[in-house]
Amino acid sequence: MNGKAFEYALLNQFFERLEKITQTSIVDNAPFQTALKCFETFDEKEQGQYKLVASFAVNFLLDIEPRLSNGISENDILQLEIVSDKEGQIGDVRDVLAIRSLQKWEIGISAKNNHRAVKHSRLSNDINFGQKWLGFTSSSGYFEEIKPIFDNLAELRTLSKATQKWSTLGDYHTSVYVPVLDAFKKELIRLDNENPGIVAEKLVEYLIGNQDFYKIIKGKSKVEIQAYNLHGTLNLPFENVKPKFKIQRLKLPNRLIEVVYQDNSKTTLLVTLTEGWQISFRIHNASSRIEPSLKFDINLVSAPHSLFVNKLFVG
């Protein structure tokens with residue numbers, strides 16, 4: 001709800017700022033209507049806060065993205081669009097797009113409300129994470145390791161008519177999570193060894209998106225802007241108008257350095273890669289009732305020093 005309201009506030013601020021200086025239109029699609037409805041559920045004071053935070057972010061983006069305000073001609077329309085959530089499942093994490101078809105240019109924004117998780121992926125008997133995330137199939141050995149664990153969970157679910165709770169299993173972190181994480185860890189290292197120089201890069205692209213984007217994180221009295229400029233498509237000049245700040249291109253990793261359990265944890269793996277990338281994978285059951293799948297909460301622990309981050313404090 002909050003995230004959707006923030007998406008609307010950002011799109012609306014872009015429109016209000018830019019319609020006076022360049023041809024601008026809003027794509028009135030289903031995701032836009034959903035975001036608008038979410039925004040309208042908040043009272044006037046809260047809506048004002050969303051608008052204020054969004055306006056700080058938008059003002060800053062106008063300084064670093066000259067193509068937002070500059071069109072080639074009257075026909076060069078800046079289209080503002082809220083993207084369907086389905087895109088995130090195919091590796092595009094952007095929520096709001098600003099597009100100039102005539103310039104063959106677009107930038108995307110991932111809007112977050114006090115929220116830093118990058119992905120919520122699942123593991124189960126029939127999820128080939130190697131293929132789905134990285135383009136390389138998981139081995140039969142991996143599936144043989146996880147199958148008895150998930151089969152047992154499926155049986156418990158069936159016998160209890162989907163009513164049995166995880167809490168009845170005792171120390172299920174040790175009996176369920178650890179063997180699944182061990183198999184996942186082994187498989188990730190195998191995939192990296194067998195496909196040198198590719199898997200680490202694909203992992204980061206899967207997790208943070210295969211398109212360049214700005215991540216805007218709304219806090220109570222501040223907004224943080226991060227620039228994920230992996231492919232060099234952000235921060236471009238418009239003719240002789242240059243951005244006010246320079247954003248470096250981020251280097252993608254080329255190998256895994258290590259995969260270890262977080263200290264004193266049976267639920268979280270830390271994956272360290274070259275170029276300063278580190279990712280945490282915390283496994284958990286998504287429901288209080290037993291089901292034959294587990295969910296990852298995946299967070300970016302650290303990014304390269306070259307990640308552009310700007311924090312703006314909102315009055």
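**Note on strands and a buried serine**

1. Ser25 stands opposite Gln79, which lies in strand S2. Strands here are DSSP runs of E, at least two residues long, numbered from the N terminus. This model is predicted: local features need pLDDT of at least 70, side-chain atom pairs count only at pLDDT 80 or more, and totals for chains, interfaces and linings use all residues. Residues are numbered from 1 along each chain as its sequence is written, and side-chain values use heavy atoms, with hydrogens and water left out.

2. Start with the partners of S2. Strand S1 (residues 24–26) runs parallel to S2, and 3 bridges join them. Two strands pair if DSSP finds at least two bridges between them. Strand S3 (residues 96–100) runs antiparallel to S2, with 4 bridges between the two. Here Leu80 stands opposite Ala98 of S3.

3. Which side chains of S2 are buried? Look along residues 78–82, where the side chains alternate. Leu78, Leu80 and Ile82 point to one face and are buried (under 20% relative accessible area, with a 1.4 Å probe and protein chains only). Gln79 and Glu81 point to the other face and are not buried. Two residues from the bridges return here: Gln79, opposite Ser25, and Leu80, opposite Ala98.

4. Now step back to the sheet. The sheet is open and has 7 strands, in the order S1-S2-S3-S4-S7-S8-S13. Its pairing is mixed. Which strands stand at the edges? They are S1 and strand S13 (308–313). Each has a single partner strand, so one side of each is left without a neighbour in the sheet.

5. Further along that order, S7 is followed by S8. Strand S7 covers residues 213–218, and strand S8 covers residues 222–228. The two pair in the antiparallel sense, over 6 bridges. Tyr214 has Ala227 in S8 as its bridge partner.

6. Last, check Ser280. Where is this residue placed? Ser280 sits in strand S11 (residues 278–284). Why does Ser280 count as buried? Because its relative accessibility is 10%. What is Ser280 in contact with, leaving aside its neighbours within four places in sequence? Contact means heavy atoms within 4.5 Å. Thr268, Leu269 and Leu270 are among its contacts. Asp297, Ile298, Asn299 and Val301 are also in contact with Ser280. Find these residues in the model and set them beside Ser280 in S11.

Technical notes
Buried means under 20% relative accessible area, exposed over 50%, partly exposed in between (1.4 Å probe, protein chains only).
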